[in-house]
Each structure stands twice: as C-alpha cells, then as structure tokens.
Amino acid sequence: MSGSLDFARPRSPRTGPDLRVLGALLALTAGAFALWSQREPAAPAPQGAVEVRGEVPAPGLHLLPAPARTRDALAAAGAPELVAEDRLLRSGDLLVASGGEVRWGTVEDGLVYGLPININSAGEAALAAVPGIGARTAAAIVADRAAHGPFESVAALDRVKGIGPKTVDRLAPFLVAGAP
C-alpha cells in the first residue's frame with residue numbers, strides 16, 4: 001500500500017453564514033433602527049367626550065379614547081356592572097342610567113364637540129359649560145387672565161381664587177393653555 005494513513009477528522013465544508021452576510025444584516029438593522037428612532041412622535045390618540053347621567057357613582061363628562069363603546073363610558077362613570085347594548089359612541093353622546101337601564105341621547109350643549117377648551121381664549125360662557133366650572137369661577141378665570149395675562153399651563157389656574165390643586169386635576173382633561 002502506498003500512502004500513509006490519515007487519522008485526522010475530515011474537514012467538512014463551512015455550513016454557517018458568511019461573515020459578509022452577517023455584516024450586511026447588521027448594517028440593515030442599524031439603518032432601520034436609525035430611521036425608526038428619527039420618526040415623528042405618534043399623535044395622541046383621538047378622544048371623544050361622552051356624558052353619563054343618572055344612577056352612576058361618577059356622573060359627568062368623560063373623555064374616552066376613540067373608538068369608545070357603551071361599556072367604556074359606563075366603566076368611566078363607575079358602573080361597569082350595568083348591562084346595556086354595547087354601541088359605538090361618538091363625541092357628544094349621552095348615556096342616562098336609570099333603574100338599571102341605559103338610554104342613549106345627545107348632549108344638548110355643543111361645547112362637548114370643542115373639547116379641550118383653551119383657557120387663554122375662551123369666554124365666560126364656554127368656560128362655565130366645562131364640567132366643574134360654574135359661572136362664578138368662569139368669571140374669575142377671565143378676570144384673572146385680563147389682570148395677569150395668559151396662563152402658562154392648566155396648572156397655573158391655581159392662581160385664581162377658589163381653584164386649588166384638586167380642582168385643577170379634575171379640570172385638566174377638559175382644558176389646554178394655548179396661545180390666546
């Protein structure tokens with residue numbers, strides 16, 4: 001026999017991915033991440049104002065993310081146990097709970113469609129229609145704005161006599177402090 005015996009393991013051809021392919025994939029991933037991180041921030045989810053009245057723990061106007069359903073409005077009003085037809089709701093819809101039943105309607109006050117209200121440009125009538133603000137408080141807000149200039153933020157409403165931090169927290173979903 002001619003030749004020598006070779007007891008070394010035979011080398012198999014490389015079956016893993018090529019380093020060039022891995023490098024290209026890494027570059028594509030980094031480029032996609034760079035584009036993704038520079039995108040515009042997402043717009044806030046649209047909201048609709050739905051009023052719930054009647055026999056519920058928290059009646060009033062509730063801002064709900066769209067698309068809102070009857071069950072969402074009843075849960076926001078503290079009455080998720082009420083059973084009603086689960087309809088899609090629009091901003092300005094009204095739910096009235098009475099005797100364990102729920103009726104639908106439309107809020108009579110057109111203000112609901114314009115929420116949130118700009119405290120630096122709204123008049124007394126618009127401010128007075130916001131849940132939690134009456135005619136007297138609306139007049140005080142307008143007078144303070146005339147005397148001291150526009151509000152820098154909704155939190156700055158606490159400079160108005162009769163409005164404290166808890167009231168500001170309750171009003172915040174319905175108000176903005178934009179340019180006058």
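These are my notebook entries on one protein chain, taken from a predicted model.

**Entry 1: overall layout**

I began with the secondary structure. The protein chain has five helices and eight strands. I then read the elements in sequence order and wrote down α-β-β-β-α-β-β-β-β-α-α-α-β. The pattern opens with a helix and ends on a strand.

Next I looked up burial. The chain has 180 residues, and 29% of them count as buried. I also checked how contacts spread along the sequence. Among contacts with a separation of 6 or more, 37% join residues 24 or more positions apart. For the surface I noted an accessible area of about 12100 Å². Carbon and sulfur atoms hold 59% of that area.

**Entry 2: histidine 62**

I picked histidine 62 and asked where it sits. Histidine 62 is in strand S2, which covers residues 60-65. Is histidine 62 buried or exposed? Its relative accessible area is 14%. Buried means under 20%, so histidine 62 counts as buried.

I looked for a polar partner of the side chain. The histidine 62 side chain reaches the backbone oxygen of alanine 58 at 2.9 Å. Then I listed its neighbours, leaving out residues up to four places away in sequence. Histidine 62 touches Gly48, Ala49, Val50 and Val52. It also touches Ala76 and Ala77.

**Entry 3: a nonpolar patch**

I turned to the surface. Which residues make the nonpolar patch of about 300 Å²? Val21, Leu25 and Leu28 make it. I followed up on leucine 28. Leucine 28 lies in helix H1, residues 19-37. Its relative accessible area is 61%. The cut-off for exposed is over 50%, so leucine 28 counts as exposed.

**Entry 4: salt bridges around arginine 71**

How many salt bridges does the whole structure have? My search result is five.

I took arginine 71 and aspartate 86 to start. Their closest N and O atoms are 2.1 Å apart. The pair links distant parts of the chain, 15 residues apart. Arginine 71 is in helix H2, residues 70-76. Aspartate 86 is in the loop between H2 and strand S4, residues 88-89.

I compared the two ends for exposure. Arginine 71 has 51% relative accessibility and counts as exposed. Aspartate 86, at 25%, is partly exposed. I also noted that this pair belongs to a network. Arg69, Arg71 and Asp86 are linked in it by salt bridges.

**Entry 5: arginine 87**

I looked up arginine 87 too. Arginine 87 forms a salt bridge with glutamate 85, with the closest N and O atoms 3.7 Å apart. Arginine 87 has a relative accessible area of 34% and is partly exposed.

**Entry 6: aspartate 144 and arginine 159**

My last pair was aspartate 144 with arginine 159. They form a salt bridge, and the closest N and O atoms are 2.5 Å apart. Why does this pair tie together separate parts of the chain? Aspartate 144 lies in helix H4, residues 135-148, and arginine 159 lies in the loop between H4 and helix H5, residues 165-171, so the bridge joins parts 15 residues apart in sequence.

I checked the burial of both ends. Aspartate 144 has 9% relative accessibility, under the 20% limit, so it counts as buried. Arginine 159, at 34%, counts as partly exposed.

How values were computed. Residues numbered from 1 in each chain as written. Predicted model: local features only at pLDDT ≥ 70, side-chain atom pairs only at ≥ 80, totals over all residues. Heavy atoms only, no water. Helix = DSSP H or I, 4+ residues; strand = E, 2+ residues; numbered from the N terminus. Buried < 20%, exposed > 50% of the residue type's maximum accessible area, 1.4 Å probe, protein only. Contact = heavy atoms within 4.5 Å. Areas by Shrake-Rupley, 256 points an atom, 1.4 Å probe, with all protein chains shown as cover. Polar contact = N/O pair within 3.5 Å; in protein donor to acceptor, adjacent residues only side chain to side chain. Patch = residues over 30% accessible without salt bridge, like charges linked within 9 Å, V, L, I, M, F, W, Y side chains within 5 Å. Salt bridge = Lys/Arg side-chain N within 4 Å of Asp/Glu carboxyl O.
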